[in-house]
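Student: Can we go through this one together? I'd like to know what sits behind the labels.

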Amino acid sequence: PSSIDELVQCLNRCDENGIPVSCRGAGHSMNGSSFPAPGGVLVSTIKLNQVELSSSQYVITQCGVQVLELDRWLQEAGYQLPVVHDGGLSGPTVGGFISAGGFGCASDQRGGFWNHIKEIKFWKKGSGVLNITPADENFYQICGSGKPDGFILSARLNIDQVKCIPDI
């Protein structure tokens, strides 16, 4: 799909017809969770890469954006993500990092990626599109589950301003 609307239409049609759906982001799954079930559909999120910086406190990003690419883009604007993975390469997408648990080199001081999520836009079979916040009981079933019962569409993430070190 080229948009969240196209993805939701696909997910709804698969739900109506009893077709299982699997997701592939940047291909960093080490456990085979992106393999489709027999007779299922594999959805790529590669084109779901839109980002909106609408505040100095958070960024809205679609599920297919790679975490380190997002962080690099934010740093050009004077911001950063509080927690990123420590793999060095572009690595997982935002959707994959949320699903996998989201630990990184700053987690010992800043917590997990989930500690910096304001809201997840999530598609759930039988329910459609939901806005999930940390106050919702489903939030922690999505974050770190490895294969949430639905599809992460986008997320609103807290960001930090990059601290400037004055010249001495």
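Tutor: Sure, starting with the core: the largest nonpolar core has 34 residues, and Leu81, Val94, Ile98, Ile120 and Leu157 have the most contacts inside it. The largest share of this core, 5 residues, comes from β8. Mind that this is a predicted model, where local features need pLDDT of at least 70, side-chain atom pairs count only at pLDDT 80 or more, and totals for chains, interfaces and linings use all residues. Residues are numbered from 1 along each chain as its sequence is written, and side-chain values use heavy atoms, leaving out hydrogens and water.

Student: What makes a set of residues a nonpolar core?

Tutor: The members are buried Ala, Val, Leu, Ile, Met, Phe, Trp, Tyr and Cys residues, joined through side-chain atoms within 4.5 Å.

Student: Why is Asp160 called buried?

Tutor: Buried means under 20% relative accessible area, with exposed over 50% and partly exposed in between (1.4 Å probe, protein chains only). Asp160 has 17%, so Asp160 is buried.

Student: What makes the link between Asp160 and Arg110 a polar contact?

Tutor: A polar contact is a pair of N or O atoms within 3.5 Å; within protein, one must be able to donate a hydrogen and the other to accept it, and residues adjacent in sequence count only if both atoms are side-chain atoms. The side chains of Asp160 and Arg110 are joined at 2.6 Å, so the pair falls within that limit.

Student: How do you know that β4 and β8 pair?

Tutor: Two strands pair if DSSP finds at least two bridges between them. Antiparallel β4 and β8 have 5 bridges, so they pair. Tyr58 has Asn158 in β8 as its bridge partner.

Note on methods:
Helix = DSSP H or I, 4+ residues; strand = E, 2+ residues; numbered from the N terminus.
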